[in-house]
Amino acid sequence: MLHGIPLNNYLYGPSLQIPIKQLRNAHGEYKYRWNYLSKAISIDYFLTTYILLFFIGKDHEVPRALEVNEIQEIAQDFVKAAKRAIEAGFDGVELHGANGLLIDQFLNTSSNKRTDIYGEPIENRTRFAREVVDAVSAAIGEERTAIRLSPWSSANGMQDQTPYATWGYLTEQLQTTHPKLAYLHFVEPRDDMIPKSDAEERLQLSLDPFRSIWKGPFISAGGYTTDPKLAKQVADQTGNLIAFGRTYIANPDLVQRLKNQWPLTKYNRDLFYTSGPEGYIDYKTYTADAKYVRA
Ligand SMILES: Cc1cc2nc3c(=O)[nH]c(=O)nc-3n(C[C@H](O)[C@H](O)[C@H](O)COP(=O)(O)O)c2cc1C
(Lines give C-alpha, C1' and ligand atoms only; values in the text may rest on other atoms or scores of the structure.)
Protein backbone atom coordinates (compact mmCIF):
# COMPACT_ATOMS: atom_id res chain seq x y z
CA MET A 1 0.00 0.00 0.00
CA LEU A 2 1.53 3.31 -1.04
CA HIS A 3 -0.17 6.52 0.12
CA GLY A 4 -3.39 4.55 0.58
CA ILE A 5 -3.22 3.13 -2.94
CA PRO A 6 -3.01 -0.67 -3.23
CA LEU A 7 0.13 -1.71 -5.05
CA ASN A 8 -0.37 -4.27 -7.76
CA ASN A 9 2.32 -5.83 -9.83
CA TYR A 10 1.82 -6.71 -13.50
CA LEU A 11 2.76 -10.34 -14.10
CA TYR A 12 3.81 -10.44 -17.71
CA GLY A 13 5.03 -13.96 -17.99
CA PRO A 14 7.25 -14.82 -20.89
CA SER A 15 6.65 -12.46 -23.74
CA LEU A 16 6.71 -12.56 -27.50
CA GLN A 17 7.88 -8.98 -27.70
CA ILE A 18 11.40 -8.64 -29.08
CA PRO A 19 13.80 -6.71 -26.84
CA ILE A 20 15.45 -4.83 -29.71
CA LYS A 21 17.84 -2.92 -27.49
CA GLN A 22 19.05 -6.12 -25.86
CA LEU A 23 19.73 -7.62 -29.25
CA ARG A 24 21.72 -4.55 -30.25
CA ASN A 25 23.73 -4.50 -27.05
CA ALA A 26 24.44 -8.17 -27.00
CA HIS A 27 27.84 -8.18 -28.75
CA GLY A 28 26.83 -11.41 -30.37
CA GLU A 29 26.45 -13.27 -27.10
CA TYR A 30 22.80 -12.74 -26.33
CA LYS A 31 20.34 -15.07 -27.97
CA TYR A 32 16.72 -14.25 -27.56
CA ARG A 33 14.89 -17.32 -26.34
CA TRP A 34 11.90 -18.05 -28.47
CA ASN A 35 10.66 -21.21 -26.84
CA TYR A 36 7.88 -19.50 -24.96
CA LEU A 37 5.67 -19.06 -27.99
CA SER A 38 2.17 -20.40 -27.70
CA LYS A 39 2.48 -21.83 -31.19
CA ALA A 40 4.33 -21.28 -34.41
CA ILE A 41 3.08 -17.80 -34.99
CA SER A 42 1.34 -16.08 -37.87
CA ILE A 43 3.40 -15.74 -41.01
CA ASP A 44 3.46 -11.93 -41.07
CA TYR A 45 4.86 -11.80 -37.56
CA PHE A 46 7.39 -14.47 -38.41
CA LEU A 47 8.57 -12.59 -41.51
CA THR A 48 8.82 -9.29 -39.66
CA THR A 49 10.97 -10.98 -37.09
CA TYR A 50 13.25 -12.47 -39.70
CA ILE A 51 13.62 -9.15 -41.51
CA LEU A 52 14.42 -7.41 -38.23
CA LEU A 53 16.96 -10.02 -37.24
CA PHE A 54 18.49 -9.98 -40.71
CA PHE A 55 19.30 -6.27 -40.33
CA ILE A 56 20.44 -6.59 -36.75
CA GLY A 57 22.43 -9.65 -37.74
CA LYS A 58 22.16 -11.65 -34.51
CA ASP A 59 21.62 -15.33 -34.08
CA HIS A 60 18.30 -16.51 -32.72
CA GLU A 61 16.28 -19.59 -32.01
CA VAL A 62 13.52 -20.74 -34.32
CA PRO A 63 10.03 -20.37 -32.81
CA ARG A 64 8.34 -23.59 -31.87
CA ALA A 65 5.14 -24.56 -30.13
CA LEU A 66 5.29 -25.20 -26.41
CA GLU A 67 4.81 -28.77 -25.31
CA VAL A 68 1.84 -29.31 -23.00
CA ASN A 69 4.09 -30.07 -20.02
CA GLU A 70 6.00 -26.81 -20.65
CA ILE A 71 2.73 -24.87 -20.63
CA GLN A 72 1.99 -26.26 -17.21
CA GLU A 73 5.49 -25.33 -16.01
CA ILE A 74 4.92 -21.79 -17.20
CA ALA A 75 1.66 -21.58 -15.28
CA GLN A 76 3.78 -22.49 -12.24
CA ASP A 77 6.23 -19.69 -13.13
CA PHE A 78 3.33 -17.26 -12.80
CA VAL A 79 2.62 -18.76 -9.39
CA LYS A 80 6.24 -18.35 -8.27
CA ALA A 81 6.29 -14.73 -9.40
CA ALA A 82 2.95 -14.03 -7.72
CA LYS A 83 4.13 -15.48 -4.42
CA ARG A 84 7.31 -13.42 -4.58
CA ALA A 85 5.31 -10.27 -5.27
CA ILE A 86 3.18 -10.90 -2.19
CA GLU A 87 6.27 -11.68 -0.09
CA ALA A 88 7.77 -8.41 -1.30
CA GLY A 89 4.75 -6.52 0.01
CA PHE A 90 2.50 -6.11 -3.01
CA ASP A 91 -1.22 -6.22 -2.27
CA GLY A 92 -1.97 -8.27 -5.33
CA VAL A 93 -0.95 -9.14 -8.86
CA GLU A 94 -2.51 -8.34 -12.20
CA LEU A 95 -1.92 -11.12 -14.72
CA HIS A 96 -1.05 -9.60 -18.08
CA GLY A 97 -3.45 -11.28 -20.48
CA ALA A 98 -3.56 -8.41 -23.00
CA ASN A 99 -1.79 -6.85 -25.96
CA GLY A 100 -0.09 -9.93 -27.39
CA LEU A 101 1.65 -11.19 -24.29
CA LEU A 102 1.69 -14.92 -23.65
CA ILE A 103 -1.80 -15.42 -22.23
CA ASP A 104 -3.21 -13.28 -25.05
CA GLN A 105 -1.36 -15.35 -27.67
CA PHE A 106 -3.32 -18.36 -26.54
CA LEU A 107 -6.61 -16.45 -26.69
CA ASN A 108 -6.35 -15.00 -30.21
CA THR A 109 -7.05 -16.94 -33.39
CA SER A 110 -4.26 -15.01 -35.18
CA SER A 111 -1.58 -16.55 -32.98
CA ASN A 112 -3.09 -19.76 -31.60
CA LYS A 113 -2.74 -22.41 -34.30
CA ARG A 114 -2.59 -25.33 -31.90
CA THR A 115 -4.59 -28.47 -32.49
CA ASP A 116 -4.34 -29.91 -28.97
CA ILE A 117 -6.27 -29.08 -25.79
CA TYR A 118 -4.95 -25.49 -25.96
CA GLY A 119 -6.14 -24.83 -29.55
CA GLU A 120 -9.65 -24.47 -31.03
CA PRO A 121 -12.41 -24.31 -29.82
CA ILE A 122 -12.80 -21.34 -27.47
CA GLU A 123 -12.90 -23.60 -24.40
CA ASN A 124 -9.38 -24.65 -25.34
CA ARG A 125 -8.01 -21.27 -26.43
CA THR A 126 -9.05 -19.85 -23.05
CA ARG A 127 -7.65 -22.83 -21.14
CA PHE A 128 -4.21 -21.34 -20.42
CA ALA A 129 -5.72 -18.06 -19.15
CA ARG A 130 -8.08 -20.01 -16.90
CA GLU A 131 -5.34 -22.31 -15.66
CA VAL A 132 -3.06 -19.41 -14.78
CA VAL A 133 -5.89 -17.68 -12.91
CA ASP A 134 -6.70 -20.96 -11.13
CA ALA A 135 -3.09 -21.53 -10.13
CA VAL A 136 -2.27 -17.99 -9.05
CA SER A 137 -5.49 -17.47 -7.11
CA ALA A 138 -5.00 -20.82 -5.35
CA ALA A 139 -1.51 -19.67 -4.34
CA ILE A 140 -2.13 -16.10 -3.21
CA GLY A 141 -5.93 -15.82 -2.95
CA GLU A 142 -8.62 -14.91 -5.44
CA GLU A 143 -9.06 -11.47 -3.94
CA ARG A 144 -5.38 -10.66 -4.57
CA THR A 145 -5.49 -11.80 -8.20
CA ALA A 146 -6.65 -9.81 -11.25
CA ILE A 147 -6.23 -10.08 -15.01
CA ARG A 148 -5.89 -7.58 -17.86
CA LEU A 149 -7.55 -8.46 -21.18
CA SER A 150 -7.81 -6.73 -24.57
CA PRO A 151 -10.34 -8.37 -26.93
CA TRP A 152 -9.63 -5.99 -29.81
CA SER A 153 -5.95 -5.20 -29.40
CA SER A 154 -3.88 -5.66 -32.53
CA ALA A 155 -0.63 -5.17 -30.61
CA ASN A 156 2.05 -7.71 -31.48
CA GLY A 157 0.04 -9.10 -34.38
CA MET A 158 -3.04 -10.08 -32.34
CA GLN A 159 -6.46 -10.50 -33.89
CA ASP A 160 -9.37 -12.73 -33.00
CA GLN A 161 -12.17 -13.86 -35.27
CA THR A 162 -14.77 -13.97 -32.50
CA PRO A 163 -13.85 -11.43 -29.80
CA TYR A 164 -17.28 -11.31 -28.12
CA ALA A 165 -17.51 -15.09 -28.00
CA THR A 166 -13.91 -15.63 -26.88
CA TRP A 167 -13.73 -13.05 -24.09
CA GLY A 168 -17.41 -13.54 -23.25
CA TYR A 169 -16.75 -17.22 -22.55
CA LEU A 170 -13.63 -16.39 -20.53
CA THR A 171 -15.50 -13.77 -18.49
CA GLU A 172 -18.37 -16.20 -17.82
CA GLN A 173 -15.92 -18.86 -16.67
CA LEU A 174 -14.10 -16.43 -14.39
CA GLN A 175 -17.43 -15.26 -12.98
CA THR A 176 -18.40 -18.86 -12.23
CA THR A 177 -15.07 -20.16 -10.94
CA HIS A 178 -13.45 -17.04 -9.43
CA PRO A 179 -16.14 -14.48 -8.59
CA LYS A 180 -13.96 -12.91 -5.91
CA LEU A 181 -11.05 -11.91 -8.16
CA ALA A 182 -9.78 -8.42 -7.25
CA TYR A 183 -10.99 -7.12 -10.62
CA LEU A 184 -11.09 -7.70 -14.36
CA HIS A 185 -9.25 -5.05 -16.37
CA PHE A 186 -10.41 -4.63 -19.97
CA VAL A 187 -8.90 -2.44 -22.68
CA GLU A 188 -11.54 -0.47 -24.59
CA PRO A 189 -11.93 -1.06 -28.31
CA ARG A 190 -11.90 2.71 -28.79
CA ASP A 191 -8.32 2.94 -27.54
CA ASP A 192 -7.06 5.82 -29.62
CA MET A 193 -3.58 4.38 -29.95
CA ILE A 194 -4.88 2.04 -32.64
CA PRO A 195 -4.40 2.85 -36.33
CA LYS A 196 -6.78 5.56 -37.53
CA SER A 197 -8.06 3.32 -40.32
CA ASP A 198 -9.65 0.97 -37.79
CA ALA A 199 -10.88 3.61 -35.35
CA GLU A 200 -14.34 4.18 -36.83
CA GLU A 201 -15.15 0.51 -36.96
CA ARG A 202 -13.98 0.03 -33.39
CA LEU A 203 -16.21 2.83 -32.11
CA GLN A 204 -19.15 0.53 -32.85
CA LEU A 205 -17.69 -2.04 -30.49
CA SER A 206 -18.22 -2.06 -26.75
CA LEU A 207 -17.10 -3.66 -23.50
CA ASP A 208 -20.73 -3.69 -22.32
CA PRO A 209 -21.28 -7.44 -22.91
CA PHE A 210 -18.33 -8.23 -20.62
CA ARG A 211 -19.42 -5.62 -18.07
CA SER A 212 -22.80 -7.29 -17.83
CA ILE A 213 -21.32 -10.78 -17.26
CA TRP A 214 -18.76 -9.81 -14.60
CA LYS A 215 -20.33 -8.87 -11.27
CA GLY A 216 -17.17 -7.81 -9.44
CA PRO A 217 -14.94 -4.74 -9.86
CA PHE A 218 -14.29 -3.88 -13.52
CA ILE A 219 -11.58 -1.56 -14.83
CA SER A 220 -11.93 0.10 -18.23
CA ALA A 221 -8.79 1.46 -19.91
CA GLY A 222 -7.92 3.11 -23.19
CA GLY A 223 -8.67 6.50 -24.65
CA TYR A 224 -9.72 8.21 -21.42
CA THR A 225 -6.39 10.04 -21.46
CA THR A 226 -7.62 12.24 -24.28
CA ASP A 227 -11.15 12.55 -22.87
CA PRO A 228 -11.21 12.71 -19.06
CA LYS A 229 -14.86 13.90 -19.15
CA LEU A 230 -15.80 10.63 -20.82
CA ALA A 231 -13.99 8.82 -18.01
CA LYS A 232 -16.32 10.41 -15.46
CA GLN A 233 -19.35 9.69 -17.61
CA VAL A 234 -18.44 6.01 -18.05
CA ALA A 235 -17.57 5.64 -14.35
CA ASP A 236 -20.92 7.17 -13.37
CA GLN A 237 -22.90 5.07 -15.87
CA THR A 238 -21.23 1.71 -15.29
CA GLY A 239 -19.69 1.90 -11.81
CA ASN A 240 -16.38 0.94 -13.46
CA LEU A 241 -12.98 2.03 -12.28
CA ILE A 242 -11.15 3.92 -15.02
CA ALA A 243 -7.46 3.41 -15.82
CA PHE A 244 -5.35 6.13 -17.39
CA GLY A 245 -2.14 5.38 -19.25
CA ARG A 246 -0.46 8.25 -21.04
CA THR A 247 -1.96 11.02 -18.94
CA TYR A 248 -0.91 9.31 -15.74
CA ILE A 249 2.68 9.07 -16.96
CA ALA A 250 2.70 12.84 -17.50
CA ASN A 251 0.73 13.75 -14.36
CA PRO A 252 2.00 12.11 -11.18
CA ASP A 253 -0.77 13.96 -9.30
CA LEU A 254 -3.46 12.97 -11.80
CA VAL A 255 -6.12 12.26 -9.18
CA GLN A 256 -5.75 15.68 -7.58
CA ARG A 257 -5.72 17.38 -10.98
CA LEU A 258 -8.93 15.67 -12.07
CA LYS A 259 -10.61 16.34 -8.73
CA ASN A 260 -9.63 20.01 -8.76
CA GLN A 261 -10.02 20.48 -12.51
CA TRP A 262 -6.42 21.63 -12.79
CA PRO A 263 -4.94 21.55 -16.30
CA LEU A 264 -3.16 18.39 -17.37
CA THR A 265 0.44 18.19 -18.58
CA LYS A 266 0.64 16.82 -22.11
CA TYR A 267 2.69 13.62 -22.38
CA ASN A 268 5.76 13.56 -24.58
CA ARG A 269 5.28 10.64 -26.97
CA ASP A 270 8.94 10.74 -28.07
CA LEU A 271 9.92 9.54 -24.60
CA PHE A 272 7.55 6.55 -24.51
CA TYR A 273 9.26 3.16 -24.51
CA THR A 274 12.68 4.66 -23.81
CA SER A 275 14.95 3.14 -21.20
CA GLY A 276 16.07 6.19 -19.19
CA PRO A 277 14.24 8.08 -16.45
CA GLU A 278 13.41 11.01 -18.76
CA GLY A 279 9.75 11.04 -19.65
CA TYR A 280 8.85 8.68 -16.82
CA ILE A 281 9.84 10.20 -13.48
CA ASP A 282 10.57 13.83 -14.31
CA TYR A 283 7.06 15.17 -14.84
CA LYS A 284 6.19 17.68 -12.11
CA THR A 285 3.15 17.88 -9.91
CA TYR A 286 0.88 20.86 -10.50
CA THR A 287 1.40 22.33 -7.08
CA ALA A 288 5.17 21.78 -7.12
CA ASP A 289 5.81 23.83 -10.23
CA ALA A 290 2.76 25.41 -11.83
CA LYS A 291 4.71 26.99 -14.65
CA TYR A 292 5.82 23.59 -15.93
CA VAL A 293 2.24 22.79 -16.75
CA ARG A 294 1.18 22.83 -20.38
CA ALA A 295 -2.60 22.80 -20.60
C1 LIG B 1 4.81 4.18 -22.42
C2 LIG B 1 3.67 3.20 -22.38
C3 LIG B 1 3.92 1.88 -22.03
C4 LIG B 1 2.87 0.95 -22.01
N5 LIG B 1 3.14 -0.32 -21.66
C6 LIG B 1 2.14 -1.22 -21.66
C7 LIG B 1 2.40 -2.57 -21.35
O8 LIG B 1 3.52 -2.94 -21.07
N9 LIG B 1 1.36 -3.44 -21.38
C10 LIG B 1 0.09 -3.04 -21.67
O11 LIG B 1 -0.84 -3.87 -21.69
N12 LIG B 1 -0.18 -1.77 -21.97
C13 LIG B 1 0.80 -0.87 -21.98
N14 LIG B 1 0.53 0.42 -22.31
C15 LIG B 1 -0.86 0.79 -22.64
C16 LIG B 1 -1.54 1.40 -21.44
O17 LIG B 1 -1.63 0.47 -20.37
C18 LIG B 1 -2.97 1.86 -21.78
O19 LIG B 1 -3.80 0.74 -22.06
C20 LIG B 1 -2.93 2.75 -22.99
O21 LIG B 1 -1.97 3.79 -22.80
C22 LIG B 1 -4.30 3.36 -23.26
O23 LIG B 1 -4.70 4.17 -22.20
P24 LIG B 1 -4.61 5.76 -22.34
O25 LIG B 1 -5.50 6.15 -23.51
O26 LIG B 1 -5.11 6.29 -21.03
O27 LIG B 1 -3.18 6.12 -22.60
C28 LIG B 1 1.56 1.37 -22.33
C29 LIG B 1 1.32 2.69 -22.69
C30 LIG B 1 2.36 3.58 -22.74
C31 LIG B 1 2.07 5.03 -23.12
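A residue is called buried here if 20 or more other C-beta atoms lie within 10 Å of its own, exposed if 12 or fewer, and partly exposed in between, with C-beta atoms placed from the backbone. Leu174 counts as buried because it has 24 C-beta neighbours inside 10 Å. Let us use this residue as a way into the fold.

First, a word on what you are looking at. This is a predicted model, in which local features need pLDDT of at least 70 and side-chain atom pairs count only at pLDDT 80 or more, while totals for chains, interfaces and linings use all residues. Residues are numbered from 1 along each chain as its sequence is written. The pLDDT, the predictor's confidence in each residue from 0 to 100, averages 82 over the protein, and 73% of the residues score at least 70. Two stretches deserve some caution: pLDDT stays under 50 over residues 1-5, for which the model has four contacts beyond four places in sequence, and also over residues 13-43, with 68 such contacts. A contact means that the C-beta atoms of two residues, placed from the backbone, lie within 7 Å.

The protein has twelve helices and six strands; these are DSSP runs numbered from the N terminus, with helices (H or I) of at least four residues and strands (E) of at least two. Of its 295 residues, 30% count as buried. Among contacts with a separation of 6 or more, 72% are between residues 24 or more positions apart.

Back to Leu174, which sits in helix H7. Not counting residues up to four places away in sequence, Leu174 touches Val133, Leu181 and Leu184. Its C-alpha atom is separated by 9.6 Å from that of Ile213, 39 residues apart along the chain.

Leu184 leads us to the largest nonpolar core. A nonpolar core is a set of buried Ala, Val, Leu, Ile, Met, Phe, Trp, Tyr and Cys residues joined through C-beta atoms within 7 Å. This one has 37 residues, of which Leu95, Ile103, Ala129, Val132 and Leu184 touch the most other members. The elements giving two or more residues to it are helices H3 (68-87), H4 (102-107), H6 (127-140) and H7 (163-177), together with strands E2 (92-97), E3 (145-149), E4 (183-187) and E5 (218-221). In soluble globular proteins, nonpolar side chains tend to be buried together.

Helix H6 is a good place to see how the core is put together. The buried residues of H6 are Arg127, Phe128, Ala129, Val132, Val133, Val136 and Ser137. An α-helix has 3.6 residues a turn, so residues three or four places apart point the same way. What covers the buried residues of H6 includes H3, E2, H4, helix H5 (122-125), E3 and H7. Ala129, leaving aside its neighbours within four places in sequence, is in contact with Gly97, Ile103, Phe106, Leu107 and Leu170. The length of H6 agrees with expectation, because its 14 residues should span 20 Å at 1.5 Å a residue (taken times one less than the number of residues) and its end C-alpha atoms are 20 Å apart. After H6 comes Gly141, whose phi is positive, near 105 degrees.

Just before H5 there is a backbone feature to look for. A cis peptide bond, with omega about 0 degrees, joins Glu120 and Pro121, and Pro121 lies in the loop between H4 and H5. In H5 itself we find Asn124, which counts as partly exposed because it has 16 C-beta neighbours inside 10 Å. Leaving aside neighbours within four places in sequence, Asn124 is in contact with Ile117, Tyr118 and Gly119.

Now turn to the ligand. Of the 16 residues around it (those with a C-beta atom, placed from the backbone, within 6 Å), Asn99, Thr225, Gly245, Arg246 and Phe272 come nearest. This shell divides into eight nonpolar, six polar and two charged residues, where Ala, Val, Leu, Ile, Met, Phe, Trp, Tyr, Cys and Pro count as nonpolar, Asp, Glu, Lys and Arg as charged, and the others, Gly among them, as polar. Asn99 is found in the loop between E2 and H4, and has a positive phi of about 50 degrees although it is not a glycine. With 18 C-beta neighbours inside 10 Å, Asn99 counts as partly exposed.

Phe272 takes us on to Gly279, which touches Asn268, Leu271, Phe272 and Thr274, not counting residues up to four places away in sequence. Gly279 is found in the segment after H12.
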